[in-house]
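Hi,

Here is the structure I promised to pass along. Have a look at it first, and then read on for what turned up.

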Amino acid sequence: MDIKNKTVLVLGGWGLVGSAICRKLMEERPKRIIVSSLLESEAKDAVAALRREFPKAGRNFFIPRWGNIFVRASLKDMPRDQILSNPKTREMLIDDMLDELTSAVVERSAIYQLLRECKPAVVVDCVNSATAIAYQDLFHSAREIRKAIKEGSNRNDLVEATERLLATLYTPQLIRHVQLLYRSMQMVGTKIYVKIGTSGTGGMGLNIPYTHSEERPSSVLLSKSSVAGAHTMLLFLMGRTPDAPITKEIKPTAAIAWKRIGFGDIKKRGKPIEMIDCPPEQGIPLKRSLQLKLKDAQWKSLGRPLQSVFIDTGENGLFSRGEFEAIATPGQMEFVTPEEIADSVIYEIRGGNTGHDIINALDNATLNPTYRAGFLFESAIKEMQELEAKHKTESVAFEILGPPRLSKLLYEAYLLKLAYRSMLAIRKVTAKEMSTRLEELVRSNAELRAQIISIGIPILLSDGTTLLRGSEIKIPPYRGENELPITDKSIDSWAHDGWVDLRPKNMERWKLRFETIMADAKEIPEGDNSSRHMRTPRYWNYFEEVEPGKLAGWIFSEEERGRRMKA
């Protein structure tokens with residue numbers, strides 16, 4: 001299809017991929033580009049940036065539109081929690097989702113009214129629909145209603161909990177969304193629809209190590225994959241409907257990066273992470289139970305935000321160098337650039353065959369990690385290292401990528417790096433000596449201690465009974481009970497999943513890891529520099545350094561069998 005002089009609607013145009021697609025569309029000389037996003041500020045910011053980049057396009061070329069496209073128009077600017085908190089709006093939401101699909105339901109929907117106003121010939125949908133639906137967390141809603149039933153809650157509370165559960169049902173939401181989208185595009189004459197989908201796991205399998213405090217793999221994460229798969233099948237059906245627009249889906253199976261690299265406040269969900277400290281003398285004794293959230297402050301605020309070097313991955317947030325290096329290391333998620341996705345989208349719209357249209361080839365159309373991304377990887381790491389040197393800081397972990405286990409491993413490795421620098425040096429000391437040395441570091445370095453605690457990762461001191469922590473901790477995750485019984489087994493489990501563990505037995509694990517790494521690398525025949533071997537002595541800098549990102553990637557790939565199977 002010729003894009004020239006056509007109106008293009010980009011849903012999710014503020015995001016990393018949406019912005020790249022808007023820029024790439026300019027080469028095709030469309031009539032105008034409608035940039036839609038959830039929030040008014042996002043849509044206007046995206047349009048302002050595009051106008052600065054393309055000043056000759058004219059003031060009316062880029063048009064901002066905003067609102068939640070999954071609800072009726074009258075609710076589109078209300079936060080979901082606000083909708084669910086009001087019985088009237090909650091009823092509207094459920095009615096629109098579960099009642100019969102009538103013309104009235106279509107015409108009052110936000111997506112229909114947006115399409116009717118814009119009448120786009122081309123719709124490029126960059127909204128992460130699977131995340132938007134699955135991360136409402138049906139399992140949490142189910143636990144809440146079961147809890148209400150067991151506790152004999154009053155009728156009003158039980159009704160509200162039940163309605164919240166109904167409003168969270170994934171499949172009805174997804175079906176209604178696709179129905180409304182199809183009907184609306186059919187009614188306004190849209191010619192082609194391209195969806196930027198997701199596999200839900202960045203291309204990895206059921207062994208994916210990246211989950212946010214839940215079981216591995218988490219039910220919520222698998223829900224995201226399930227919704228993504230169901231969405232693809234519904235689009236597959238839409239693509240086989242004669243009066244529907246040409247339907248395509250590009251489904252990246254890697255992390256998507258990046259927007260910018262910089263130094264500054266580390267923000268999560270738009271808010272800076274507050275720096276807090278828990279001095280060792282105020283450590284929390286581990287007795288019979290563990291409170292996941294503390295009401296009485298045992299910690300102190302440092303009155304400033306966490307600052308560090310970061311790589312901005314758009315909607316997925318800010319990652320540290322360690323997190324980025326771990327996720328992008330070979331055998332983990334790796335990554336693909338938004339520009340490559342945009343190239344594929346435009347080529348498909350123009351009628352080309354990229355081989356990445358999942359609707360056309362469900363089995364073989366995923367957009368895998370790329371050569372370009374691999375080539376750029378080293379320059380990204382180098383630039384972050386230069387910024388680290390400039391700002392006299394080291395970018396270790398922010399606990400935004402997830403899971404807490406990754407942050408725990410990165411900081412344990414970083415402490416070992418500070419204490420001993422090299423794997424070779426660690427071979428010469430005992431686990432008890434390592435435990436003592438790392439605790440000395442934690443006790444003497446309040447800034448480092450605060451960085452760890454502030455992201456929700458507690459520090460278990462070498463005695464195994466004293467915990468340095470802030471108000472909230474990532475592990476164990478909150479599941480309706482704020483106080484959990486403490487046993488030796490639970491401490492071991494929590495320390496494994498997301499506590500910096502300074503006990504000697506954990507130091508033994510690190511010594512064994514280093515021995516395994518060095519032994520495996522030294523088994524490679526001397527002089528064999530073929531492509532057969534990746535983690536050679538050279539890869540590990542001849543064991544003269546402890547590199548947290550590489551080590552975390554190795555642990556996830558080898559020790560935890562979290563390696564991706566397909567490139």
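Of the 567 residues in the protein chain, 54% count as buried. Please keep in mind that this is a predicted model.

Starting with the overall fold, the protein chain contains 21 helices and 21 strands. Its C-alpha trace spans about 75 × 70 × 40 Å along the principal axes. The radius of gyration is 25 Å, which agrees with the value near 24 Å for a compact globule of 567 residues. Among contacts with a separation of 6 or more, 78% are between residues 24 or more positions apart. As for the outside, the accessible surface comes to about 26200 Å², and carbon and sulfur atoms hold 50% of that.

Next, a pocket you may want to look at on screen. The second largest pocket holds about 690 Å³ of space. It is lined by 34 residues, and those closest to its centre are Glu325, Phe377, Glu378, Ile381 and Lys550. Four helices each give two or more residues to this lining: H12 (321-328), H14 (371-391), H15 (404-420) and H21 (548-559). Which of the elements gives the largest share of the lining? That is H14, with eight residues. Sorted by class, the lining of the second largest pocket has 14 nonpolar residues, 12 charged ones and eight polar ones.

To find the pocket in your viewer, you could start from the five central residues named above, Glu325, Phe377, Glu378, Ile381 and Lys550.

Best wishes

Methods: Residues numbered from 1 in each chain as written. Predicted model: local features only at pLDDT ≥ 70, side-chain atom pairs only at ≥ 80, totals over all residues. Heavy atoms only, no water. 1 Å grid on protein atoms, 1.4 Å probe; cavity = no way out; pocket = protein on both sides within 12 Å on 5 of 7 lines; lining within 4 Å. Points joined across faces, edges and corners; volume = space filled by probe spheres on them. Nonpolar A, V, L, I, M, F, W, Y, C, P; charged D, E, K, R; others polar. Rg over C-alpha atoms; globule rule 2.2 N^0.38 Å. Buried < 20%, exposed > 50% of the residue type's maximum accessible area, 1.4 Å probe, protein only. Contact = heavy atoms within 4.5 Å. Areas by Shrake-Rupley, 256 points an atom, 1.4 Å probe, with all protein chains shown as cover.
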